[in-house]
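Morning, everyone. I have one structure to go through today, from the whole chain down to single residues. Please have the viewer open.

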Amino acid sequence: MKNEWPVKRLGDLSDVITKGTTPTSVGHAFVPEGINFVKVESISENGQFIENKLARITQECHNALRRSQLKSGDILFSIAGALGRTAFVTEDIVPANTNQALAIISLRKSDDVSPEFVLKALSTGIVLEQIEKFKGGVAQQNLSLAQVRDFQITLPPLPEQLRIVGILDEAFESIATAKANAEKNLQNARAIFDSHLQSVFTQRGPGWVEKPLGSLASFRNGINYTKDSKGECIKILGVRNFQKNFSAPLDDLDTVTIDGELSALDSLRQDDILAVRSNGNIELIGRCILVGEVTEKISHSGFTIRIRLSNGEVLPIYLCHFMKSASSRKRLTDGGTGTNIKSLNQGMLSAFAIPFPPLSVQNVLVEKLESFSDETRRLESIYQRKLAALEALKKSLLHQAFTGQL
């Protein structure tokens, strides 16, 4: 930091640092159409307002929520949930209000402070370190308004502020373009694999047959337990472990206490397949995962169903690939209605038709799929590293800007 640059408290630069409130506080509710109401989830990580995540309130409610009315030039700063998320309020978003998870920073009208500079300062490592120092809360992290007012902001002369903002805006625009390209390449890599996966199961040759899954496997719902359960401590494979994994991450399982002892019927074995039975996020229903080598007692949660092949006609890895294909998931989860189901059950799985060739052909197909999958993962890793590098570059530029190195 240049010695001549003073450090100011954010509270000394602002006439108002307050927080919003909710429509219920004045006897109102959200409506389908009306005045914008900003929540933390309405703001993207790069500080843009997300149109389809803005709530709406009536004009009457807006008038009643005087304290949380936003004006052009205000800065929003999240003090609960995703701490430190920022956004600059512009003319195209107002009139608008916000809730108590967002602090409203109204800078003084001044000849020596650039609001855009302060906005960027709130994303620097210096402020983020202060957030780490100040934050508290058990259920979710949060900051107080007093702590926000105590944020230390490096404040060079106005011409230097404007120069830094100009450099950062130009650099961030280039970084955003590069990130968009990397994300598109990442999506394309996944789309190519999904397309290849789909073609494997639709281009059938001699010897292929189709049977209901119930004739090939048995099913069992996972176990239920509570915080008051008293019994054996075991590892549990739950919905959080699925994500986009093909194989179950058996080294990253939660340990839970169940009622009594784990029965052999509820213990997982190698080559079991689990499917998400129910979840608050319906996009996860029907997602599958394959269990690898099991070396200790492991079971699965009641939100999942275990599929255990029983007659050797189908390879577990072949079945898991098939069930993870886009068309399979659609068939399994829309129930033929075109609308996603809210839960999966054993009867639906039992009736699910599985096409498959002889075992020798299954082995060949699996080998090709695994090779293609490895290459896709390699490409994904490259693009993810590029995204991480671009994010690191952005942080580095911010650090340089606010320590006088630009």
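I will start with overall dimensions, move to the cores, and finish with individual positions.

Keep in mind throughout that this is a predicted model. The chain carries 10 helices and 18 strands. Its radius of gyration is 27 Å, where the globule rule for 406 residues gives 22 Å, so the chain is more spread out than a compact globule. Along the principal axes, the C-alpha atoms occupy a box of roughly 80 × 45 × 45 Å.

On burial, 44% of the 406 residues are buried. The exposed surface of the chain is about 20900 Å², with carbon and sulfur atoms supplying 51% of that area. As for charge, there are 47 positive and 45 negative side chains, and the centres of those two sets are 2 Å apart. Contacts reach far along the sequence: if you take those between residues at least 6 apart, 77% join residues at least 24 apart.

Now the cores. In soluble globular proteins, nonpolar side chains tend to be buried together. Which residues touch the most other members of the largest nonpolar core? They are Leu 10, Phe 77, Ile 105, Leu 122, Val 148 and Phe 151, out of 36 residues in that core. Several elements each put in at least two residues, including helix H1 (10-13), strand E5 (75-78), strand E8 (102-107) and helix H3 (115-121). Helix H4 (125-134), helix H5 (145-149), helix H6 (158-202) and helix H10 (359-401) also each supply at least two. The largest share is from H6, with 6 residues.

A second core lies apart from that one; it has 33 residues, among them Leu 197, Leu 213, Leu 309 and Val 366.

Back in the largest core, select Ile 105. Setting aside neighbours within four places in sequence, Ile 105 contacts Leu 10, Ser 14, Val 16, Ile 17, Asp 74, Ile 75, Phe 77, Leu 122 and Val 148. Leu 70 is 35 residues from Ile 105 along the chain, and the two C-alpha atoms are separated by 9.7 Å. Leu 70 itself sits in the loop between H2 and E5. Is Leu 70 buried or exposed? Its relative accessibility is 7%, and the cut-off for buried is under 20%, so Leu 70 counts as buried. Beyond four places in sequence, Leu 70 touches Val 38, Leu 76, Val 89, Val 94, Ala 96, Asn 97, Thr 98 and Ile 104.

Val 94 appears in that list, and it brings us to the backbone. The peptide bond from Val 94 to Pro 95 is cis, with omega near 0 degrees. Pro 95 is in the loop between strand E6 (86-88) and strand E7 (96-98). For context, most peptide bonds are trans, and most residues other than glycine have a negative phi.

On phi, there are two positions to look at. Gln 243, not a glycine, has a positive phi of about 45 degrees. Gln 243 is in the loop between strand E12 (233-237) and strand E13 (254-257), and is exposed at 52% relative accessible area. Asp 271, also not a glycine, has a positive phi of about 80 degrees. Asp 271 belongs to the loop between E13 and strand E14 (273-276), and is partly exposed at 35%.

Next, the helices. Helix H7, residues 316-324, is mostly covered, with 7 of its 9 residues buried. Those buried residues are Pro 316, Tyr 318, Leu 319, Cys 320, His 321, Phe 322 and Met 323.

In helix H10, go to Glu 380. Glu 380 is buried, with a relative accessible area of 15%. What does Glu 380 contact, leaving aside neighbours within four places in sequence? The partners are Leu 186 and Arg 190. His 300 is 80 residues from Glu 380 along the chain, with 29 Å between their C-alpha atoms.

Last, helix H2, residues 59-64, where Ala 64 is placed. Ala 64 is partly exposed, at 34% relative accessible area. Its C-alpha atom is 8.7 Å from that of Pro 23, which is 41 residues away along the chain.

That is the end of the tour.

Terms used. Residues are numbered from 1 along each chain as its sequence is written. This is a predicted model: local features need pLDDT of at least 70, side-chain atom pairs count only at pLDDT 80 or more; totals for chains, interfaces and linings use all residues. Side-chain values use heavy atoms; hydrogens and water are left out. Helices (H or I, at least four residues) and strands (E, at least two) are DSSP runs, numbered from the N terminus. The radius of gyration is taken over C-alpha atoms; the globule rule is 2.2 Å times the number of residues to the power 0.38. Buried means under 20% relative accessible area, exposed over 50%, partly exposed in between (1.4 Å probe, protein chains only). Contact means heavy atoms within 4.5 Å. Accessible areas come from the Shrake-Rupley method with a 1.4 Å probe; for residues, only the protein chains shown count as cover. Lys and Arg count as positive and Asp and Glu as negative; His and the chain ends are not counted. The place of a charge is taken as NZ of Lys, CZ of Arg, CG of Asp or CD of Glu. A nonpolar core is a set of buried Ala, Val, Leu, Ile, Met, Phe, Trp, Tyr and Cys residues joined through side-chain atoms within 4.5 Å.
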